[in-house]
Structure formats: C-alpha cells, structure tokens
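User: I'm new to reading structures like this. Could you take a close look at one part, and then show me how the rest of the protein is arranged?

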Amino acid sequence: MVDRLDIALLMGAVVVLVAVGAVRLSTRLGLPSLLVYLAIGVALGESGLGIEFENVELTRTLGFCALIVIIAEGGLTARWGQLRPVLGVTATLSTLGVLASSAVVGVAVYLVLDLDWQLALLYGAVLSSTDAAAVFATLRRLRLPPRLVAILEAESGMNDAPAVLLVILLSMNPIGGGHPWWYEVLLVAYELAVGTAVGYLVGIAGRWGLRHAALPSAGLYPIAAVGLTVLAYAVGAVAHGSGFLAVYVAGVVLGNARLPHRQAILGFADGLAWLAQIGLFVLLGLLASPDRLDEAVFPAIVTGLALVLLARPLSVVLSATPFRISPRDQAFLSWAGLRGAVPIVLATVPLSAGVEGATRLFDVVFVLVVIFTLVQGGTLAPVSRLLKVAAPGEATEIRVDSAPLERMYADLLQLEVPEGSRLAGVHLDELRLPVGASVTLVLRDGVGFVPAPDTRLKVGDSLLIVATAQVRDAAERRLRAVSRRGRLAKWFYEYGDDRND
C-alpha cells in the first residue's frame, strides 16, 4: 500500500512540475495552457502509459470542486471599479446570451447531425458557457482596453451558473415530460437570485470577520478567505441556489475589501487556481478515450462552426447592442468567447445521468474544445489588431508578482518597534541605513504614511524597508545595533556587529 502511495506521489509531482514548466511554453506560443494539460492527461491514459480511468462521477465531483476554486480566484482578483460599468452587459451575456447560444447550437445540430431535441439542446447548453480559466490565462497577456477585458472576465465568471442549471434541467427532465416551461424559468431565476444574495452576505460577513479576527499567523488569512468562498458555494447549494454564482459574488466582495495580508490572499488563491486547472485538465484528459475521438471530429467541427459563426455572435449582438457596445468590440467579444474545462465538465453531467448519446456528446465537446481553443486562443492577438481594438499603450494587468523583488535583486523587510527598544525616539535619518536601503512606509496606530527624514519613531510603529540584496545583511545589523544602543550606536559600530546578537 505504501509503495503504491509512493508511486502515486512520484507521478503526481512529475505531472505538476511538467505542467508548471509547460506554462512558460504556452505563454511563448500564445496558447492557453489547458491544451498542454489535456495532452498530459491523454498521454497518461489508456492509449499512453495505460492508466485506465472511467469514473465519470468522480470526474464530475472533482471538476466541480476545481471550478469553485477557479471561479473564486476570478472573483477575488476582479476589480469592482472595472466590473461595475460593465455589470449590465455581462449579466445579460450570462443569462440571455447563454439561452440564445444554447438555442442556436441546439437547432443547428438538430438539423445537421439528426439528433433528438433533448440531446441537441444539451449540446447547446454544455457549450454555452465561456471558460474562466482559459479566458483569464489568455486575456491577461494581451493589451486590450480595460472595458473589453472586464466584460470577458466577468462573463466567464458569471455564466457558469446559468449554464450548469440549464444542463442539469435538460439532463434530468426530458422535454415535454417535466414541469411547464414557465416553472423552469422561475426556478432558474430563483436559483440565480439566491446565489447572488448568499454570495453577497457571506462576502460581507467574511470581510468583517477577517478584519476583526486578529489571527495569530499571516498564513491563516489566505486559507480563511478561500474557505469563505467555498462556504458561499455550500450555503448557496444547500439553499437550492446557484453555488457557482455565490462563489463569484463572495470573491468579488472579499477581493475588493481592505483585508489584512490582502496580497498574500490573492497570491494563495492564484496558486490554488493554477493547481486546480492542472488537476482538472489532466483528469479530463485521462477520462477521454482517444480511440473514439476520431469519430467525433466531424460532429465537433460542425458544432463548433455553429457555435463560433452563429450562436456566439448572435448572443453577443442581442446582449451588447442595448449597452452601446461598438460593432468592432462586439466582433472581438464574439471571437474571444473561449471554451475550455467548463464545457467538458458539464458534459459529464448527462454522462453520469445516463442520457442516451451522452458518451458521444462528451467526445464531441472534448475534440471541439481542443480544436477551437487552438484556433481562437492562438489568433486573439492578431484579431484584436485586425479589428483595431488592441491598445498597445495599455498596461497589462498590474499585480504584485508582475515585478517580483527577486528579479529586482531586492528584499522587503518589516520591522516592529517593541516596548523597551531603543529605536523609540530615534529620528529616521539617525538610523543611518546603508546606501541601497530605505524606510518606505510607517504604520502607526493603524494609519500608514511615508516618513520624512525627521520622523521620530515610536513604540508600536511598524516599518516597511526596501533593501537591495547586497546591503540587506548590513541593514539588518544596523537596525539591531540601533535597537540596542539607540542613536549613539554609530559610536560603537557604524553598521552594527553580529557579535552581540
């Protein structure tokens, strides 16, 4: 048993490291990394290393768990200032757009592929949602107007909920054999409303709790923040609401609050989202059977063309025109509606429900995602230039790790002035820090300010110090010396001495 665990851990570690390395390759090629992850899963599967995996229920469960983390990260990193102006158009795209896209694809495959209405509409519903992981990973490398990026990212975070509800309804209730259509519409509206309310309430409560918790370790704050988004999903689902929408709303509320260790929270969520993407795509690649995929190529191309050339443009026109989105922007929104893990995960719902033709649906969706992600993801940059929506002067997303201190050969130090320290009463210029080190911020009584040379330190002050790598040790020694000797430290040793540490 232990030997099997060791082998499983070895394989898992290798897969994760290869997947992390593949991100750099996919970034250089301008393609979503999900294609590499899917390829890893297929290579590990029955046609590669021979690992047989056919557990659809487990795939669906783990897939939903991964989507919760991915959507939570999208909500936490969404800026309300950018989201608020586009909230109307994204909400319309996520509801009316999903319905329109599902209907158009359903009619197209019903006529061309000769499917029954339930299965045809399932094709449309499964493919109606854009993928948060694919959209986030691709758009954040492009220079686009903030409004376009906000619309696409918010849509990908919000449209999962209606798509999931639609797929579940079509999988569990045969057309004409369940409740009347108006009942289903009211049910979907109820679940979306409950999901929104639950997400907002959990976010507000979590924001207050994280501000007043005074947790003993900084590492607990990221765990608590992500735990709150998972709580939002669970409460929303228990209340028969949309858990996915609750996750996104809770993430937006928390991500736009002034929380302790906010950057650590965002970094932790980003790492978890990457891990969830890797695990999810590899798992979906394992579930796929390459021996069957060749038969799905033609239906996948037909369905994909209907989606890209008819359904997506129509849903964008219906949803965006009332909000005065320009034709060029609408054209780009139509082409940038990337599909990824979400449709493949949704395809496992009718598969696990035993819907006739669901296996073929899964294969078609898998092939479609690979082909059209390759085509669309690789052409977004030239299409944006062709449509003249690119913004070369626009900065890519600004994040703390976009210019990491390691690459700048610098370190960030934090210093507390405790009771009894001789740092208290010392003016900033009396610290005599070596050239290359500087006190950039002082936090006093909960208020941060940029200090002047004559700023006098007090007990309880918290100092933020930036130092180049070459002088970090000297700066630390000097601070210890002043803490022991006060402003007269220079008479004993100019930059401190470790002999008395």
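Analyst: Let's start with a term: a residue is buried when its relative accessible area is under 20%, exposed when it is over 50%, and partly exposed in between, using a 1.4 Å probe and protein chains only. The model is predicted, so local features need pLDDT of at least 70 and side-chain atom pairs count only at pLDDT 80 or more, while totals for chains, interfaces and linings use all residues. Residues are numbered from 1 along each chain as its sequence is written, and side-chain values use heavy atoms, leaving out hydrogens and water.

Our close look is at Val-466. This residue sits in strand S4, residues 462–468. (Strands are DSSP runs of E with at least two residues, helices are runs of H or I with at least four, and both are numbered from the N terminus.) Val-466 counts as partly exposed because its relative accessible area is 29%.

Who are its partners? Setting aside neighbours within four places in sequence, Val-466 is in contact with Asp-411, Leu-412, Gly-436, Ala-437, Ser-438 and Thr-440; contact means heavy atoms within 4.5 Å. The chain also brings Ala-410 to this place: Ala-410 and Val-466 are 56 residues apart in sequence, yet their C-alpha atoms are 7.0 Å apart in space.

Just along the chain is Gln-470, in the loop between S4 and helix H19 (472–485). Gln-470 is exposed, because its relative accessibility is 66%. Gly-436, one of the partners of Val-466, is 34 residues from Gln-470 along the chain, with 8.2 Å between their C-alpha atoms.

One of those partners leads us inside. Ala-437 belongs to a core of 19 residues that also includes Leu-423, Val-426 and Ala-467. A nonpolar core is a set of buried Ala, Val, Leu, Ile, Met, Phe, Trp, Tyr and Cys residues joined through side-chain atoms within 4.5 Å. This core is separate from the largest one, which has 110 residues. Phe-244, Tyr-248, Leu-280, Phe-332, Ile-344 and Val-365 have the most contacts inside that largest core, and helix H18 (residues 358–386) gives the most to it, with 12 residues. Leu-280 shows how such a residue is surrounded: beyond four places in sequence, it touches Gly-63, Ala-66, Leu-67, Ile-70, Ala-341 and Val-345.

Now step back to the whole protein. There are 19 helices and 4 strands, and buried residues make up 50% of the 501 residues. Among contacts between residues at least 6 apart in sequence, 79% join residues at least 24 apart. Ile-204, in helix H10 (residues 181–212), gives another example of a sequence-distant pair: Val-253 is 49 residues away in sequence, but 6.8 Å away C-alpha to C-alpha.

Rings add some further links. The structure holds 5 aromatic pairs, where rings of Phe, Tyr and Trp (its six-membered ring) pair if their centres lie within 6.5 Å, and planes under 30 degrees apart count as stacked, over 60 as edge-to-face and the rest as tilted. Tyr-110 and Trp-117 form a stacked pair, at 3.9 Å centre to centre and 15 degrees between the planes. Both are partly exposed: Tyr-110 has a relative accessible area of 29%, and Trp-117 has 39%. Elsewhere, ring pairs link Phe-64, Tyr-233 and Phe-244 into a cluster, and Phe-244 is one of the most-connected residues of the largest core.

Two loop residues have an unusual-looking backbone angle to check on your screen. Arg-324, in the loop between H15 and helix H16 (327–335), has a phi near 60 degrees, a positive value in a residue other than glycine. Lys-388 also has a positive phi near 60 degrees, and lies in the loop between H18 and strand S1 (410–416). Arg-324 is exposed, with a relative accessible area of 78%, and Lys-388 is exposed too, at 65%.
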